[in-house]
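Walk through this structure from its surface to its interior. Three stops follow: a surface patch, a helix and a cavity.

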Amino acid sequence: MADINDFKVLKNKSIKMYEYFSKNEFTEDDAKARMGFYHLVLENIAGMNEIEEIQDAIIDTEYNKHILGVDVDDLGIDAVCFKKEYIDGEKPIYLFNFKHVNNFKEATTSDNDISRSMKFIEYLDLSLDTVPRDMGKKVRDKIMEIRKKLDSNESYRIYLYMVSNKLGDFAKTSLEHIRVLANNYGIKIINLSLEDLTKYLFDSRKMTESRLILSKDDFLSFNGDNKSTKKSFITKMSLIDVVRIFSSDENLAQKYNLEDDSEILDTKLDISLLYDNVRGYLEETTFNKNIKETLKKDYLNFFMFNNGITITAEEIISDPKNSNEKYLFTLRNFQIVNGGQTIRTIFSYLDDVKEKGEELNYRNTYVLVRMFKIEKDSTLKNSIAEYTNSQNQISAYDLKSVDSIQIQIENYLKEHEILYVRKAGDVGEVSNTYKYRIYKEELAQVLHSIQGYPDRVTNVKIKLFTDYYDMIFPKSDFPFEKLDKYIAEYFSIKEKYKQKKSGITKCFYICYIVNVTGMSIDEAIIYLEDFIKRVKEEKKSISIPRILIQKTTREMLTEELKEKELLILN
């Protein structure tokens with residue numbers, strides 16, 4: 001269970017996050033922590049990775065007043081964001097209600113916190129003829145956008161996240177509010193407390209050791225090299241052993257001869273084992289619901305229905321026992337690199353069994369487990385994580401977060417006091433000071449712009465980590481030595497264009513011009529603005545944002561630079 005130290009760690013991370021996106025000086029750390037908390041959660045839960053995108057999503061009254069200088073009435077909802085990815089055939093709409101307290105205390109999310117959100121949600125009712133215009137443009141625009149989506153032919157599902165840095169869950173009397181929201185509006189409510197946040201926001205990798213005993217018929221061994229003594233294994237493992245070896249109870253993890261199955265009912269998943277798993281927090285999808293249904297009604301076929309679990313370990317020791325009929329396995333310093341959703345659901349089902357007093361069939365339920373012996377810090381481990389996670393709604397951004405070149409970039413930039421965010425929510429070491437904090441998506445945009453494609457980087461961002469990935473992040477001849485220069489230029493340009501229309505797209509054009517002409521940033525800005533003005537005169541019916549993402553615009557710019565003999569770099 002989370003404790004006061006987890007509360008303090010979360011607060012310090014939130015303060016650190018605040019310092020990355022705001023220069024407004026609050027005198028109290030409590031105010032910084034509250035604002036930073038919003039960004040930390042939205043990065044991790046909603047997968048947002050641009051400061052401007054997050055700030056646009058936040059409609060909280062206090063945040064907008066102090067950070068953006070805008071007066072709004074949030075109507076009980078603090079943030080709204082939309083995702084393009086489908087979940088079970090539906091596009092999600094995320095609503096967030098944040099409850100941030102300054103002091104550690106055990107308390108539940110009150111009825112008022114949920115009912116307060118009803119003010120905003122009531123305006124989503126499509127039977128309403130109008131939405132008042134006096135509620136404030138930012139909030140009204142979010143409501144109108146949601147209404148438009150709900151009224152379209154696309155399928156949407158609204159998720160209301162009740163996020164708090166408290167220990168407690170919903171008050172029992174809140175169930176009526178939840179029922180009304182679910183029945184009337186089809187809204188799924190997800191509560192995230194301090195306990196949940198410590199699981200999904202903290203990197204808490206630790207040394208691990210577990211033991212289990214397997215029959216000789218329940219595993220196959222193989223070597224990557226015939227001369228090697230380092231073996232890996234494919235096993236048929238009972239869920240009793242799965243729960244044991246992945247348990248946070250170290251004694252249970254070692255108890256390979258467990259006889260009383262009820263001993264596992266109160267155990268919890270050791271979340272640190274998921275450190276290398278590329279899949280972050282997911283909603284309860286149909287995939288997860290189907291796992292539970294199989295565990296309950298068709299557990300004997302679970303082995304055939306599930307894709308299994310993949311782990312990597314620094315040591316896998318197998319000792320023959322009982323005249324070689326059985327083998328005692330010892331796993332040391334291991335990680336779950338695939339199957340995180342399966343593992344979480346297996347543990348979650350334990351709670352259902354305990355609550356409803358149902359029969360637990362885990363001893364007779366089996367799952368495929370791949371156990372790879374991989375040396376510490378081996379790039380092979382990252383490849384295994386990437387290739388075995390190529391299904392079940394994992395974005396290309398997440399898959400590439402464990403690529404070896406991404407880890408090399410992170411380590412290189414760390415030496416130059418730059419925090420490279422491979423995984424959402426990373427604020428670095430709280431005690432360290434960083435010159436910049438840059439997302440991997442941002443760096444991909446900068447690099448591809450400099451390569452000559454500033455028109456692509458805001459229009460087809462997902463392709464930066466699919467079609468163009470090997471071009472942007474080549475395994476050989478990657479320009480490590482120029483990264484700190486490119487990043488410093490980018491942030492300097494971004495600061496100048498922060499308040500300008502189409503500013504972020506223009507930033508990438510400036511990155512391109514500066515690096516292919518040798519112009520200063522100010523000279524490049526003047527040149528680009530003049531160029532856009534001339535293009536706009538020819539294309540009067542097309543907006544500037546649309547002009548900037550056109551291939552012809554980039555080709556015209558490049559050709560003009562060549563003709564004026566300003567293009568000095570290829």
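**From surface to cavity**

At 34% relative accessibility, Phe222 is classed as partly exposed, because that class lies between the buried limit of 20% and the exposed limit of 50%. The model is predicted, so keep that in mind throughout. Phe222 sits in strand E6, which covers residues 219–223. On the surface, Phe222 joins Leu220 and Ile234 in a nonpolar patch. Together the three have about 270 Å² of accessible area.

Next, turn to helix H16, residues 404–415. Does its length or its end-to-end distance fit an expected span, and what is that span? The helix has twelve residues, and at 1.5 Å a residue they should span 16 Å. The expected span counts one less than the number of residues. The end C-alpha atoms lie 17 Å apart, which agrees.

Which residues of H16 are buried? They are Ser404, Ile405, Gln406, Ile409, Glu410 and Leu413. Just after H16 comes a backbone detail: Glu417 takes a positive phi of about 60°.

Now look inside. Rolling a probe the size of a water molecule over the atoms shows where empty space is left. The count comes to one cavity of 30 Å³ or more. The largest cavity has a volume of about 30 Å³. Its lining is made up of Glu50, Glu52, Glu442, Gln445, Tyr490, Lys494, Ile504 and Phe508. Helices H17 (440–450), H19 (483–496) and H20 (503–517) are the elements that each give two or more residues to this lining.

How values were computed. Residues numbered from 1 in each chain as written. Predicted model: local features only at pLDDT ≥ 70, side-chain atom pairs only at ≥ 80, totals over all residues. Heavy atoms only, no water. Patch = residues over 30% accessible without salt bridge, like charges linked within 9 Å, V, L, I, M, F, W, Y side chains within 5 Å. Areas by Shrake-Rupley, 256 points an atom, 1.4 Å probe, with all protein chains shown as cover. Salt bridge = Lys/Arg side-chain N within 4 Å of Asp/Glu carboxyl O. Helix = DSSP H or I, 4+ residues; strand = E, 2+ residues; numbered from the N terminus. Buried < 20%, exposed > 50% of the residue type's maximum accessible area, 1.4 Å probe, protein only. 1 Å grid on protein atoms, 1.4 Å probe; cavity = no way out; pocket = protein on both sides within 12 Å on 5 of 7 lines; lining within 4 Å. Points joined across faces, edges and corners; volume = space filled by probe spheres on them.
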